[in-house]
Amino acid sequence: MALNIPQNRPLTDSQKEVKAKIGSMKNILALPFRDNRNIPKSRQISLFDYSLQLMDSLGIDQQFVFNSFLEKVLDKTNILEENVVSSTASSLARKGVKLPDTSPVTNDPRDDQIESFKQNNERFLSNNISSSFIDKKQLSRELTLMLFGDRNGSSSSNMNISQNRRDDLINEAVCGVNTFSISSEPSERNEDVEFNKIDLRKQLEKGEVKYEINCNEVNIQLPEDPGTVLDRRDDGVISSSSVTPAQSLQKLTKFVGNEARSIAGENNQNSVGKTFGRTLVEKFVNYINTLVIPYVDTITALINNSKPSNSPSISRSDIAVANCELSNDPNNPEKKEFTKKMANNLLTELLSIMVVTILKEFKTLVANYFARTAIERQKRKAQKMLMKFQIFSQVGENASKAQKFASALQTLSPILGNETQNLV
Amino acid sequence: MAIVEIEEQLNKSEEMADMMLFLLNEDRIPVPSLSIPELLMAKIRPGLSAEILTSTIISRFEEIGIPSGPLLNGHTNVMEQYTKVIMEEIVSAIQNDMRIDVATDPGASVTATGANAGGPLTAVGATVAPHTGTGVAR
């Protein structure tokens, strides 16, 4: 058989180019199309979670924002009272009640009637009730109990919380786990929900809260007298009157951070501290119904004193329904109205602070970014022009190429010396 | 699922993102328009050169920590080759494929001379001054 020696036949440039382009086109077609996702609103990330991600990207301290929220709601304004009034007005309007008459105008009000009754009720209540009827210091203590439980049964008495109220708070903390969520909801199986509730009840009865740090469970307990944490001034003196409600909760956050550090080590202090700050705000909004319900009695007393004598009396349960009762009848819009308004109004306050902080910081970043890149571009351009001017300032505009070359070479004359003549 | 839902008016994460993208666009510093003399002076520009562009880019590699020149053991610096290829193709596309669609603004001054013998005036003229227009690269 004859020997066949393969001949080397290299491809020309255009032949190589065709092969390369065929390969790249086939690769591009094989790539998955960029998916423009159109996610429905109900499945999008919550504004709260998205804002937290943006704050992390921008380097904004989350705890600073949470502290601002707590100070605004608990120390500086009467937003809480205004929201209770507004939610009460809304709850009664949904039942067809137009104050001061507590007899329903209609048992099935239309949407425009509900809105009109609500405005009327709100006006009536605002004109007749004092602007600050909520004891926010006590509210912060009750929130602490709902977060950390009753250690040895003595935390509640040390915080001036009666036994009945203590039992209510722990029940409501367990029932209220699924009442409202400001985060995108986690997927939880029904059996896990029940298990988690049972576990939570045990923790609250015992007065211990479990946190997971690097797969280790860490139990954090408050002292038997939580006042030593909540009411401690910066100089170390325990004084309930010198510490505001918001400051109490901020001290609680710091305490949890310190405890986590001492239990789980230095590296974990910030992760739990920050997580607890977020948990505290989430739970505050979630449990707000339970925390303000006792103060609804102030409003019902006012309404009952002002109503016509033949109209029925209004009780607390006609306006606000506890979490445990809500969880037994979750689809009743009338029962949910008060809680829905309270929680959403408070969430609006929180989100407005977060969004304003984010937009301010973002605007500053963008302005600095464009200014800085524009300055750098101008500097480079100016440097190049200056260099050209320095080289060609000695020659006229119509100088020949040789003259321009000679002029440019002058800049190197200290190095080249006499060699300059040989190069021209 | 939570018993009490978040109100629809608070589900604004997408709107938040749109707002921030809007701010990003609004705050950018627009490139200023050139004056007519500056535009006419552009005749003396040397034109694009892929080689000069490549060398300018490579000269800035150090700013961002990319090594320039041959690598260890004399290996070719692939980043430099990559830059060269990209610049060559971009400049080639600009010089050979790009088209600028231009629309001139109305109001250019014209001087013309002409005459008529009792019928429509026939005039021949020319613009007397440079005039503005807008071009869009395609």
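How many of the 424 residues in chain A are buried? Buried residues make up 42% of them, and this share, like every value in the legends below, comes from a predicted model.

**Figure 1. Chain A, seen as a whole, has 20 helices and four strands.** The accessible surface of this chain comes to about 24,600 Å², and carbon and sulfur atoms account for 49% of that area. When contacts in chain A between residues at least 6 apart in sequence are considered, 68% of them join residues at least 24 apart. Buried residues, as stated at the start, make up 42% of the chain.

**Figure 2. Confidence in the predicted chain A varies from one helix to another.** The mean pLDDT of chain A is 83, and 84% of its residues reach 70 or more. Helix H13 of chain A, which covers residues 288-292, has the highest confidence, at a mean of 94, whereas helix H20 of chain A, which covers residues 419-423, has the lowest, at a mean of 61. For the model as a whole, the scores are ipTM 0.74 and pTM 0.78.

**Figure 3. Thr88(A) is a buried residue in helix H4 of chain A.** The helix that holds Thr88(A) runs through residues 79-94. Thr88(A) has a relative accessible area of 0%, and it therefore counts as buried, since the cut-off for that class is under 20%. If its neighbours within four places in sequence are left aside, Thr88(A) is in contact with Leu125(A), Ile299(A), Ile319(A) and Phe338(A).

**Figure 4. Gly236(A) lies in a loop between two helices of chain A.** The loop that holds Gly236(A) is found between helix H10, residues 227-230, and helix H11, residues 245-264. Gly236(A) counts as partly exposed because its relative accessibility is 31%, a value that falls between the cut-offs of 20% and 50%. From C-alpha to C-alpha, Gly236(A) and Pro109(A) are 56 Å apart in space, while along the sequence 127 residues separate them.

**Figure 5. Chain B has four helices and four strands.** Read along the sequence, the elements of chain B follow the pattern α-α-α-α-β-β-β-β. The C-alpha trace of chain B spans about 90 × 70 × 25 Å along its principal axes, and its radius of gyration is 28 Å, whereas a compact globule of 138 residues would have a value near 14 Å. Of the 138 residues in chain B, 14% count as buried, and the accessible surface of the chain comes to about 10,800 Å², with 60% of it belonging to carbon and sulfur atoms. Among the contacts in chain B with a separation of 6 or more, 54% are accounted for by residues 24 or more positions apart. The average pLDDT of chain B is 87, and 99% of the residues score at least 70.

**Figure 6. A nonpolar patch of about 570 Å² is found on the surface of chain B.** The patch is made by Leu48(B), Leu53(B), Ile90(B), Ile94(B), Met98(B), Ile100(B) and Val102(B). Helix H4, residues 78-97, and strand S1, residues 100-104, each supply at least two residues of the nonpolar patch. One of the patch residues, Ile100(B), has its place in strand S1 of chain B. Ile100(B) counts as partly exposed because its relative accessibility is 47%, which is in between the cut-offs of 20% and 50%.

Terms used:
Residues numbered from 1 in each chain as written. Chains lettered and ligands numbered in written order. Predicted model: local features only at pLDDT ≥ 70, side-chain atom pairs only at ≥ 80, totals over all residues. Heavy atoms only, no water. pLDDT = per-residue confidence, 0-100. Patch = residues over 30% accessible without salt bridge, like charges linked within 9 Å, V, L, I, M, F, W, Y side chains within 5 Å. Areas by Shrake-Rupley, 256 points an atom, 1.4 Å probe, with all protein chains shown as cover. Salt bridge = Lys/Arg side-chain N within 4 Å of Asp/Glu carboxyl O. Buried < 20%, exposed > 50% of the residue type's maximum accessible area, 1.4 Å probe, protein only. Contact = heavy atoms within 4.5 Å. Rg over C-alpha atoms; globule rule 2.2 N^0.38 Å.
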